[in-house]
Structures are given as structure tokens and as C-alpha cells.
Amino acid sequence: MGCGTIPKSEQPAPPQSTGDISSSAAQLTAVVPDEAAAEPVQSGQTEKLKSDVPSSATLPGQVGEENRTVEPGSPRRKPIPTPQDILLEAMEEHFLFWAFDPQEIKSLLDLTVALPTKKGDVIVSKGEQGDSCFFVLEGSFSMSRGQDQLQVCRPGTSFGDLSLLHNIAQAATVTSCDDGVLWRLSAAHFHQAVLDVNAKHQGRITEFLEEDTFRGLFQADKDALASASVQAFTAGETMLWKGEDVEWVSIIMKGHVPIIDEFGCTVLKSSGSVLGAAELFYLQKHCFGAKAIDDVICLVAGKRVLKRLSPAVLQFLRKHAIMSLLVEHRDPGGEDSDLEFVR
């Protein structure tokens with residue numbers, strides 16, 4: 001697949017004529033100009049982004065598309081997505097901006113700036129302070145830490161958002177694998193968007209904090225947690241990366257997240273569970289990764305929010321962290337020297 005292209009579904013070959021053709025069909029064929037009949041749809045062609053196609057060009061399959069025979073069960077040709085389509089979908093599926101309606105997303109899109117890149121360009125470097133959030137429009141971008149490649153960001157994905165959200169250094173270096181195009185959202189516009197999206201979640205957060213687990217909190221603590229971000233993850237999406245520095249804790253509001261330790265033991269986390277407390281208070285790095293197994297919504301509190309919580313809430317989180325260490329970081333063989341510091 002080329003850079004910035006969208007894969008095309010395989011199209012069925014045009015129906016082959018046989019010797020058994022009725023006279024009426026033959027007469028109809030005779031009046032069709034040769035130019036129109038000489039444009040068969042080529043199977044396996046790659047459709048490019050609309051911006052790459054000259055305005056005077058005719059896209060494959062446009063001529064006679066409505067008259068072309070499609071066999072039962074064959075995939076239909078999808079409309080060619082424009083750059084705006086790709087970015088709109090990326091923002092609609094973004095873990096922060098998913099709550100925006102289409103008009104709000106379009107308004108946010110208007111604030112982005114196109115940034116062409118060349119192969120080998122370093123977009124962000126590990127350890128530097130972020131000043132932008134990037135959405136990938138064309139090309140691919142390698143996200144790495146040292147010699148380890150963590151993932152490849154492709155069209156429709158984003159990076160740089162966590163650094164801005166939690167005011168932390170970049171956790172990885174991102175390099176352009178080939179020529180591409182990014183759309184850049186500045187830190188100022190990003191933070192304003194976060195405030196706007198959080199305002200849309202206040203009712204959800206207030207209702208959640210009135211549940212049994214949090215009902216006894218002081219109002220000041222509830223107010224502090226209400227300033228945390230609400231993030232959404234779809235089934236199969238990675239929520240925690242093994243070896244990543246820990247800068248926040250996540251409180252599950254909806255959905256389920258299985259935690260699988262190095263020994264293969266699984267602990268299923270659900271609504272009210274806290275992710276990352278043990279790592280934040282004691283281990284500093286995630287010892288294992290985690291993926292959502294269904295649609296998950298979390299209240300994510302970074303250090304900025306945690307500093308506003310009362311000692312009682314911090315003590316609760318520390319107790320939760322110790323319980324997580326005992327359950328999730330245990331040694332089945334009975335050797336638990338790693339836990340000596342909590343005795």
C-alpha cells in the first residue's frame with residue numbers, strides 16, 4: 001500500500017459474454033459507442049486520496065458504475081474519502097474528542113494546520129516538552145523508545161496528545177517513515193478543546209461520583225476529580241503500554257479491562273476499579289500492558305489533579321495500590337521479595 005492511500009475493495013470482473021445472446025441484447029449492444037464500452041473496471045487498482053487526483057481525471061469505475069453487474073455477495077465500492085473525511089473520522093474516534101458533535105469537530109478541524117513531512121524527519125523527540133497534537137493524514141510514522149519500536153501511526157491516528165493533556169515530556173520519539181502529511185493542533189487550541197469536552201461530561205462525572213465507592217468523598221475532592229479528563233477506548237484498543245512511565249491513574253466508569261501479569265494470571269477490572277495506582281505510587285513504570293475487551297470509559301487523573309486531592313483520598317489510592325501489588329504482582333512460587341517495601 002502506498003503512502004496516504006486508501007485500499008480498494010476487490011471488484012468482480014465484468015460478466016463475460018457467451019454465444020447465447022438474444023437478438024434484442026445484440027441490438028442494444030450495437031448502439032453503444034465503442035468509447036463507452038472500452039473502459040473496463042480494472043481489479044486491484046489503488047485509489048488515491050482526492051487531493052492526489054487531478055480535477056479533470058476520471059476515477060476508475062465512474063463511467064457506467066450504475067450499470068455494472070455486481071454479483072451477489074461481492075463488496076461494493078466505497079466512496080473515496082477526502083482528507084477532511086479522514087481527519088473527521090480520526091477526531092470522532094479520538095479518546096478525548098469522541099464526545100464532540102460533528103459541528104464541534106469541524107470547528108476544531110478548522111484550527112489545524114497542514115504540515116508536510118519528509119522521510120526521516122523527527123517530529124517529536126522523547127523527553128522534550130510537547131507543544132502540539134498531530135493527526136496523521138498521509139504516510140506512516142514510527143513511534144519508538146530507544147531501539148524498541150512501539151507502534152506505527154498511520155492515517156486516522158494521532159500522537160502528542162498525552163504530553164499536552166498531562167503536561168509531561170514526550171514518552172517516545174516519532175519519526176516519519178516516508179513522505180507524509182500531518183495536521184497540527186497547537187497546544188493552546190488543544191487545551192481549550194479539552195476544557196470544552198470536559199464541560200460536556202460534567203453530568204456523567206457527577207452521577208458516577210455519587211455511586212457507593214465515591215459517595216463519601218468531600219465535595220472538594222469530587223470537584224478535583226471532576227476536572228479530570230473522560231477518555232473512551234474501543235474493544236481491543238491498548239490502554240496501558242508495558243514499560244511506559246506512569247503519570248496518571250484511570251478510574252473505570254464503564255466497561256472491562258483484563259490485567260494479565262507476567263505469569264499469565266488475569267484480573268478483570270470493571271466499574272470503580274483504579275488502573276495505574278500501584279505503578280504511580282511505587283513502581284514508576286507499567287509492568288504490563290492492558291487492552292479494553294469492550295467499550296471502556298475512564299476518568300483519568302494526572303498528577304495535576306492528584307495534587308488537589310485530600311490526604312484521605314490519596315491514602316485510599318495508596319491502599320488500592322498495595323492491594324494491586326499483592327494481587328497483580330504476586331509470585332505464584334511464593335517468593336515475593338519485590339513486595340518487601342510495602343511490609
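A residue counts as buried here when its relative accessible area is under 20%. By that standard, 40% of the 343 residues of the protein chain are buried. Keep in mind as we go that this is a predicted model.

Let's begin with the chain as a whole. It holds 11 helices and 18 strands. Its exposed surface comes to about 19100 Å², with carbon and sulfur atoms supplying 52% of that area. If you take the contacts between residues at least 6 apart in sequence, 77% of them join residues at least 24 apart.

Now to the interior. The largest nonpolar core has 40 residues, and Phe97, Phe190, Met239 and Val257 are those with the most contacts inside it. A second core, separate from that one, has 28 residues, among them Ala224, Ala226, Val246 and Ala278. Phe97 is a good place to stop and look around. Setting aside neighbours within four places in sequence, Phe97 touches Met91, Ile105, Leu108, Phe135, Phe190 and Ala193.

Two of those partners, Ile105 and Leu108, take us to helix H4. H4 spans residues 102–109, and its buried residues are Ile105, Leu108 and Leu109. These buried residues cover an arc of only 100° around the axis, so they sit on the same side of H4. A general point about α-helices fits here: with 3.6 residues a turn, residues three or four places apart point the same way. At the N-terminal end of H4, Asp101 acts as a cap, with a side-chain oxygen 3.1 Å from the backbone nitrogen of Gln103.

From here we can cross to helix H6, residues 187–200, where Asp196 is found. Asp196 and Phe100 are 96 residues apart in sequence, but their C-alpha atoms are 8.9 Å apart in space. Asp196 counts as partly exposed because its relative accessibility is 37%.

Helix H7, residues 202–209, offers another one-sided pattern. Its residues Ile205, Phe208 and Leu209 are buried. Seen down the axis, the buried residues of H7 fall within an arc of 90°, so they line one face of the helix. On the face turned away from that buried side, H7 carries the exposed residues Gly203 and Glu207. What covers the buried residues of H7? The cover includes helix H8 (219–226) and the strands S11, S13 and S18.

Those three strands belong to an open sheet of 4 strands, ordered S11-S18-S13-S16 and paired in the antiparallel sense. Strand S11 (229–233) and strand S16 (274–275) form the edges, each pairing on one side only. S18 pairs with S11 through 5 bridges. S18, residues 296–302, is also joined to S13, residues 248–254, by 6 bridges. You can trace individual partners across the sheet: Ile297 in S18 stands opposite Ala232 and also opposite Lys254. Further along S18, Ala301 is the bridge partner of Val249.

How many residues of S18 are buried? The count is 7 of the 7, so S18 is largely enclosed by the rest of the structure. In a regular strand, side chains alternate between the two faces of the sheet. In S18, Val296, Cys298, Val300 and Gly302 point one way, while Ile297, Leu299 and Ala301 point the other way, and all are buried.

Our last stop is strand S6, residues 141–145, which is mostly covered, with 4 of its 5 residues buried. S6 runs antiparallel to strand S7 (residues 148–153), and 5 bridges join the two. Within that pairing, Arg145 stands opposite Asp148 in S7. The hairpin of S6 and S7 has 2 residues between the strands, and there Gly146 takes a positive phi near 70°. S6 is also joined to S9 by 4 bridges, again in an antiparallel arrangement. Here Ser144 stands opposite Thr173 in S9.

Strand S9 (173–176) leads to one more backbone detail, since the loop between helix H5 (161–166) and S9 contains Asn167. Most residues other than glycine have a negative phi. Asn167, which is not a glycine, has a positive phi near 55°. Is Asn167 buried or exposed? Asn167 counts as exposed because its relative accessibility is 63%.

Notes. Residues are numbered from 1 along each chain as its sequence is written. This is a predicted model: local features need pLDDT of at least 70, side-chain atom pairs count only at pLDDT 80 or more; totals for chains, interfaces and linings use all residues. Side-chain values use heavy atoms; hydrogens and water are left out. Two strands pair if DSSP finds at least two bridges between them. Buried means under 20% relative accessible area, exposed over 50%, partly exposed in between (1.4 Å probe, protein chains only). Contact means heavy atoms within 4.5 Å. Accessible areas come from the Shrake-Rupley method with a 1.4 Å probe; for residues, only the protein chains shown count as cover. The arc is that of the directions from the helix axis to the C-beta atoms. A polar contact is a pair of N or O atoms within 3.5 Å; within protein, one must be able to donate a hydrogen and the other to accept it, and residues adjacent in sequence count only if both atoms are side-chain atoms. A nonpolar core is a set of buried Ala, Val, Leu, Ile, Met, Phe, Trp, Tyr and Cys residues joined through side-chain atoms within 4.5 Å.
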